[in-house]
Amino acid sequence: MTDADATFLEEAQKSPKTVTVGATEYVVRRTESHYDVQIEGAEGIVIGFAARTIDGGIGFIPAALVDRVQPVPHNSVEEAIEFLLATATDIGTEQHP
């Protein structure tokens, strides 16, 4: 993760930030849970969370897998959102083929 992305996530803990992936805007904001921030998609639906990894980095957890997996590091916030969306699609496909 770049320094700019890490700073973006730190700032999102203080006030909501937006990031655009494709044609969609996502909101990154502080969460009341034990994670650092949450990532919200369309209509405020939470798609995932960011949290510190064991090695002190930042990783992302899909909302559907909260408390089941460790945070997964990514190179950028945009890449992480793509991962969260792909994971949500995979889980939905498995549950509702």
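Leaving aside its neighbours within four places in sequence, which residues is Val28 in contact with? Let's work that out first, and then try some more exercises on this predicted model.

**Exercise 1. Describe the surroundings of Val28.**

*Step 1.* Find the residue: Val28 is in strand β2.

*Step 2.* List its partners. Beyond four places in sequence, Val28 is in contact with Phe8, Leu9, Ala12, Ser15, Pro16, Lys17, Val19, Val37, Gln38 and Ile39.

*Step 3.* Decide whether Val28 is buried or exposed. Buried means under 20% relative accessible area. Val28 has 0% relative accessibility, so it counts as buried.

*Step 4.* Add a distance. Ala50 is 22 residues from Val28 in sequence, and their C-alpha atoms are 9.3 Å apart in space.

**Exercise 2. Find the residues that touch the most other members of the largest nonpolar core, and say which elements build this core.**

*Step 1.* Start with a general idea. In soluble globular proteins, nonpolar side chains tend to be buried together.

*Step 2.* Look at the core here. It has 18 residues, and those touching the most other members are Leu9, Val19, Tyr26, Val28, Ile39, Phe60 and Ile81.

*Step 3.* Name the elements. Two or more residues of this core come from each of α1, β1 (17-21), β2 (24-30), β3 (37-40), β4, β5 (58-62) and α2 (77-95).

*Step 4.* Take Tyr26 as an example. Not counting neighbours within four places in sequence, Tyr26 is in contact with Lys17, Thr18, Val19, Val21, Ile39, Glu40, Gly41, Ile47, Ile81 and Leu85.

**Exercise 3. Describe the largest cavity: its volume, its lining and the kinds of residue around it.**

*Step 1.* Rolling a probe the size of a water molecule over the atoms shows where empty space is left.

*Step 2.* Count and size. The search of the whole structure turns up one cavity of 30 Å³ or more. The largest cavity holds about 50 Å³ of space.

*Step 3.* Read off the lining: Ala6, Leu9, Glu10, Gln13, Asp36, Val37, Ala50, Arg52 and Ile58. Two or more of the lining residues come from each of α1 (3-12) and β4 (46-52). Helix α1 gives the most, with three residues.

*Step 4.* Sort the lining by kind. Five residues are nonpolar, one is polar and three are charged.

**Exercise 4. Compare three residues of helix α2: Phe83, Ala86 and Thr87.**

*Step 1.* Begin with Phe83. Its relative accessible area is 23%, so Phe83 is partly exposed. Beyond four places in sequence, Phe83 is in contact with Phe60, Pro62, Val72 and His74. Asp3 lies 80 residues away along the chain, and the C-alpha atoms of Phe83 and Asp3 are separated by 20 Å.

*Step 2.* Move on to Ala86. With 37% relative accessibility, Ala86 counts as partly exposed. Ala86 and Ile54 are 32 residues apart in sequence, with 24 Å between their C-alpha atoms.

*Step 3.* Finish with Thr87. At 13% relative accessibility, Thr87 counts as buried. The Thr87 side chain reaches the backbone oxygen of Phe83 at 2.8 Å. Leaving out residues up to four places away in sequence, Thr87 touches Pro62 and Leu65.

**Exercise 5. Classify three loop residues, Thr53, Val66 and Asp67, as buried, partly exposed or exposed.**

*Step 1.* Thr53 sits in the loop between β4 and β5. Its relative accessible area is 14%, so Thr53 is buried. The side chains of Thr53 and Asp55 make a polar contact at 2.4 Å. Among residues over four places away in sequence, Thr53 touches Ile58, Gly59, Pro71 and Pro73.

*Step 2.* Val66 is in the loop between β5 and β6. At 23% relative accessibility, Val66 counts as partly exposed. Not counting residues up to four places away, Val66 touches Tyr35, Phe49 and Ile61. Gly22 is 44 residues from Val66 along the chain, and their C-alpha atoms are separated by 25 Å.

*Step 3.* Asp67 is also placed in the loop between β5 and β6 (72-73). Exposed means over 50% relative accessible area. With 59% relative accessibility, Asp67 therefore counts as exposed. Its backbone has a feature to look for as well: phi of Asp67 is near 65 degrees, a positive value in a residue other than glycine.

Methods:
Residues are numbered from 1 along each chain as its sequence is written. This is a predicted model: local features need pLDDT of at least 70, side-chain atom pairs count only at pLDDT 80 or more; totals for chains, interfaces and linings use all residues. Side-chain values use heavy atoms; hydrogens and water are left out. On a 1 Å grid over the protein atoms alone, a cavity is a set of points where a 1.4 Å probe fits but cannot get out, and a pocket is an open set with protein on both sides within 12 Å along at least five of seven lines; lining residues have an atom within 4 Å of a point. Grid points are joined across faces, edges and corners, and a volume is the space filled by probe spheres set on the points. Helices (H or I, at least four residues) and strands (E, at least two) are DSSP runs, numbered from the N terminus. Ala, Val, Leu, Ile, Met, Phe, Trp, Tyr, Cys and Pro count as nonpolar, Asp, Glu, Lys and Arg as charged, and the others, Gly among them, as polar. A nonpolar core is a set of buried Ala, Val, Leu, Ile, Met, Phe, Trp, Tyr and Cys residues joined through side-chain atoms within 4.5 Å. Buried means under 20% relative accessible area, exposed over 50%, partly exposed in between (1.4 Å probe, protein chains only). Contact means heavy atoms within 4.5 Å. A polar contact is a pair of N or O atoms within 3.5 Å; within protein, one must be able to donate a hydrogen and the other to accept it, and residues adjacent in sequence count only if both atoms are side-chain atoms.
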